[in-house]
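Here is a set of questions and answers for you to work through with the viewer open. Shall we start where protein meets DNA, then move on to the helices and sheets?

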There are 2 protein chains.
Amino acid sequence: MERLEKYYNQIKNSPVFYGMNDEELKGLLECFNARVRKYEKEEMIIRQGDMISNIYLILDGAVNIEKDSYWGRRIIISRLGKNDNLALSFVGSKDVESSVDAITVEDTLVLILGYEKCTSMCQNACVRHKVLINNLFQILSKENIELIQKIENVSQKTIRDKLMTYFSNEAQKNHSNTFSINFNRQDLADYLNVDRSAMSFELSKLQKEGFIKYDKNHFELLS
Amino acid sequence: MERLEKYYNQIKNSPVFYGMNDEELKGLLECFNARVRKYEKEEMIIRQGDMISNIYLILDGAVNIEKDSYWGRRIIISRLGKNDNLALSFVGSKDVESSVDAITVEDTLVLILGYEKCTSMCQNACVRHKVLINNLFQILSKENIELIQKIENVSQKTIRDKLMTYFSNEAQKNHSNTFSINFNRQDLADYLNVDRSAMSFELSKLQKEGFIKYDKNHFELLS
DNA sequence: TTATTTTTGTTGTAAAAACAACAGAAATGT
DNA sequence: ACATTTCTGTTGTTTTTACAACAAAAATAA
C-alpha cells in the first residue's frame, strides 16, 4: 500500500478534483475510500467483462485501452498517461460491463476511488459531490472528443493518410513541428489499425519523399 | 415556432430530464429558454467550427454526425434519432469548437436548450441543475461506449468483418436475428468506411454463402 | 401513366494492404 | 563484453480494396 499523502499535490491538481479546496478534497478522498495501487508492466487493471465501480486516476505510468478482435488481432483504442482517467464511461453507465481491457505498458501508479460506495452513501447531502460530477462531465466530454478524433484518424483510407493525420494531431498537441511519440512501431500500427511492416515501409517512403524526418520515436513534420 | 407543450410528455421522458418531476422540469425549461425548432431534410444543425452552447435534443427525425475528410470523402460518425442528444460533448468542453457536422437526413424536430445561459445564471442555487448534470454525465457515458464500439467496428480489417460486426451489434440491439437498418447503401458504406460498390458486392457474397439474408434494408443473420 | 432521377448490384482493372520471411539494429540481461 | 531477445526495416507474394463504368431496379416527379 503506497502512501497517499505523497501524491496529494498531484491529486489536488488533477482534473477530477479541479476547483476543490483542501478540506473538500480530503473529505472526498475519505468518502471514496481512496487508495493508491501500483501495477507492474503488462498488468491488467481492467478486463473485458468487468463491472466497473471505481474511478481510476493514473498518477504515473502509461496504460493502453485495448480490445482483442475475435480473430486475435489487437486494437489499441487509446494510450493514457499521467492524470488521465480509466474507463470512466463504464462507471457512468450503470450495469454496463467493460468492453475493453486496460493494460499497463510500464510500471504504473493508480489512484482508486470507490465511486459507487460514496455516491450511495452521500447521495444528496455531499456538496463536494456536485463539483465532482461537474468535473467528471467535463472529463468525459474531452474523452468523447478524443474518441471522435480517433475515429477520424482510423477512417483515413491509406496508411499514409492515417500516419499524416496522426502526426498532424500530435504536432498540434505539442505546438511544434517536432514531437516524440510514446508508441513503438507495433503499438502505433495497432493504434492506426494497419500492418506494422507496411507502416514501416510507408514511414521510410514518407521520409524519402521529404514529408517527414524521424529518428526512432522522434518525428519532424516538414513542408 | 413550434409549440413546446405538444412535446411535453416526450421531453419529460427523455434521458436528459430523467427523474424530474413536473415542477422541476418546467422550471428548467424556462431557465434554459427552451424552444422547439424544425429543420428540413439535409439541413445543417451544427457545422464544423461552431461553438456550441446549446443542448440539442432530437424530438423526431434523424441526424447524421459527419466529418468531411480533407480529400472530400465523407465519414459518418454516427446516426442519431429520437431522444438522442447532439454534440453534447462540445457543450461540456468549454471553448472547444465542434469538429463535426450535424446534418438532418429527413425533416427533424429539435428541442434547443440554452445551456450556457442557464448555468451562468443559476450557478449554485439551482437544485434541478444537479439532477440534470447527473443525467448528462450518464448520457455522455453511453455515447462514449458507443463511440468505442464504433471504433471496434471500423477497425475490422475486411469489409466482410466490418459488415458482420455491424450486423451482430444491430441484431443484439434488436434482440433478434432480424432487423431493419436506417442507412441506405451509400450511408452504410460511409459509416463502415468502405467503398459502396465493394460493400454491395460483399453483401451479395455473404448472402450467396448463406451467412445472411436481406431484402432492401431488412436483414437476417443466419447460422 | 411515362419520364427522370436516385439507388443498388455487377464486373474488370489498378492500387494498396496484409502477410510472411528475413536481416540488421537496438535493447536487455548476465 | 557477450549472448539473447526484442524491435525495426525491407522485400516479394497474395489478398483485398478502391475506383470507374455501366446496367438494372426502385423511387420520385410530372
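**Questions on a predicted model**

Q: In this predicted model, which element gives the most to the surface near DNA strand D?
A: Helix H7 (185-192) and helix H8 (196-208) of chain A each supply at least two residues of that surface. The top contribution is five residues, and the element that gives them is H8(A).

Q: How do the residues of the surface near DNA strand D divide by class?
A: There are 18 residues around DNA strand D, and A:Arg185, A:Ser200, A:Ser204, B:Thr158 and B:Ile159 come nearest. The surface divides into four nonpolar, eight polar and six charged residues.

Q: What share of the atoms of DNA strand D that come within 4 Å of the protein is sugar and phosphate?
A: Two polar contacts go to phosphate oxygens of DNA strand D: one from a side-chain atom of A:Arg185 at 2.8 Å, and one from a backbone atom of B:Ile159 at 2.3 Å. A base nitrogen is also reached, with a polar side-chain atom of B:Ser197 at 3.3 Å. Counting the atoms of DNA strand D within 4 Å of the protein, the share of sugar and phosphate is 60%.

Q: What is the distance from a phosphate oxygen of DNA strand C to an N or O atom in the side chain of B:Ser204?
A: A:Thr158, A:Ile159, B:Arg185, B:Ser200 and B:Ser204 come nearest among the 18 residues around DNA strand C. A polar backbone atom of A:Ile159 is 2.4 Å from a phosphate oxygen of this strand, and a side-chain N or O atom of B:Ser200 is 2.8 Å from one. For the side chain of B:Ser204, the distance is 2.6 Å.

Q: Which element gives the most to the surface near DNA strand C?
A: By class, this surface has four nonpolar, eight polar and six charged residues. Of the DNA atoms within 4 Å of the protein here, 64% belong to sugar or phosphate and the rest to bases. With five residues, the element that gives the most is H8(B).

Q: How do H7(A) and H8(A) stand to each other, and why?
A: The two helices pack with their axes 9 Å apart and at an angle of about 100°. Angles of 65 to 115 degrees count as roughly perpendicular. That makes the arrangement of H7(A) and H8(A) roughly perpendicular.

Q: Which residues of H8(A) make the contact with H7(A)?
A: By class, the contact has five nonpolar, one polar and two charged residues. H7(A) brings A:Arg185, A:Gln186, A:Leu188, A:Ala189 and A:Leu192. From H8(A) come A:Arg196, A:Met199 and A:Leu203.

Q: How many residues of the contact of H6(B) with H7(B) are nonpolar?
A: Helix H6 (residues 159-174) of chain B packs against H7(B) at about 105°, with the axes 11 Å apart; the two are therefore roughly perpendicular. H6(B) offers B:Lys162, B:Leu163 and B:Tyr166, while H7(B) offers B:Leu188, B:Tyr191 and B:Leu192. One residue of this contact is charged, none is polar, and the number of nonpolar residues is five.

Q: Which strands stand at the edges of the sheet E2-E7-E4-E5 of chain B?
A: This open sheet has four strands with antiparallel pairing, and its neighbouring strands are turned by 35° against each other on average, direction ignored. Two strands have a single partner strand each, so one side of each is left without a neighbour in the sheet. They are strand E2 (44-46) and strand E5 (74-80).

Q: In E5(B), what is the bridge partner of B:Val63?
A: Strand E4 (residues 63-68) of chain B runs antiparallel to E5(B), and six bridges join them. Helix H7 (residues 185-192) of chain B lies across both strands, at about 105° to E5(B). Within E5(B), the bridge partner of B:Val63 is B:Leu80.

Q: In E6(A), which residue is the bridge partner of A:Leu57?
A: Chain A has an open sheet of four strands in the order E1-E8-E3-E6, with antiparallel pairing. Its edge strands are strand E1 (35-39) and strand E6 (85-86), each of which pairs on one side only. Strand E3 (residues 55-60) of chain A pairs with E6(A) over two bridges, and the partner of A:Leu57 there is A:Asn85.

Terms used:
Residues are numbered from 1 along each chain as its sequence is written. Chains are lettered from A and ligands numbered from 1 in the order in which they are written. This is a predicted model: local features need pLDDT of at least 70, side-chain atom pairs count only at pLDDT 80 or more; totals for chains, interfaces and linings use all residues. Side-chain values use heavy atoms; hydrogens and water are left out. Two strands pair if DSSP finds at least two bridges between them. Axes are lines fitted to C-alpha atoms, for helices over the stretch in contact, and angles run from 0 to 180 degrees between N-to-C directions. Contact means heavy atoms within 4.5 Å. A residue is near a molecule or strand if one of its heavy atoms lies within 4 Å of it. A polar contact is a pair of N or O atoms within 3.5 Å; within protein, one must be able to donate a hydrogen and the other to accept it, and residues adjacent in sequence count only if both atoms are side-chain atoms. Ala, Val, Leu, Ile, Met, Phe, Trp, Tyr, Cys and Pro count as nonpolar, Asp, Glu, Lys and Arg as charged, and the others, Gly among them, as polar. Angles under 35 degrees count as roughly parallel, over 145 as roughly antiparallel, 65 to 115 as roughly perpendicular and the rest as oblique.
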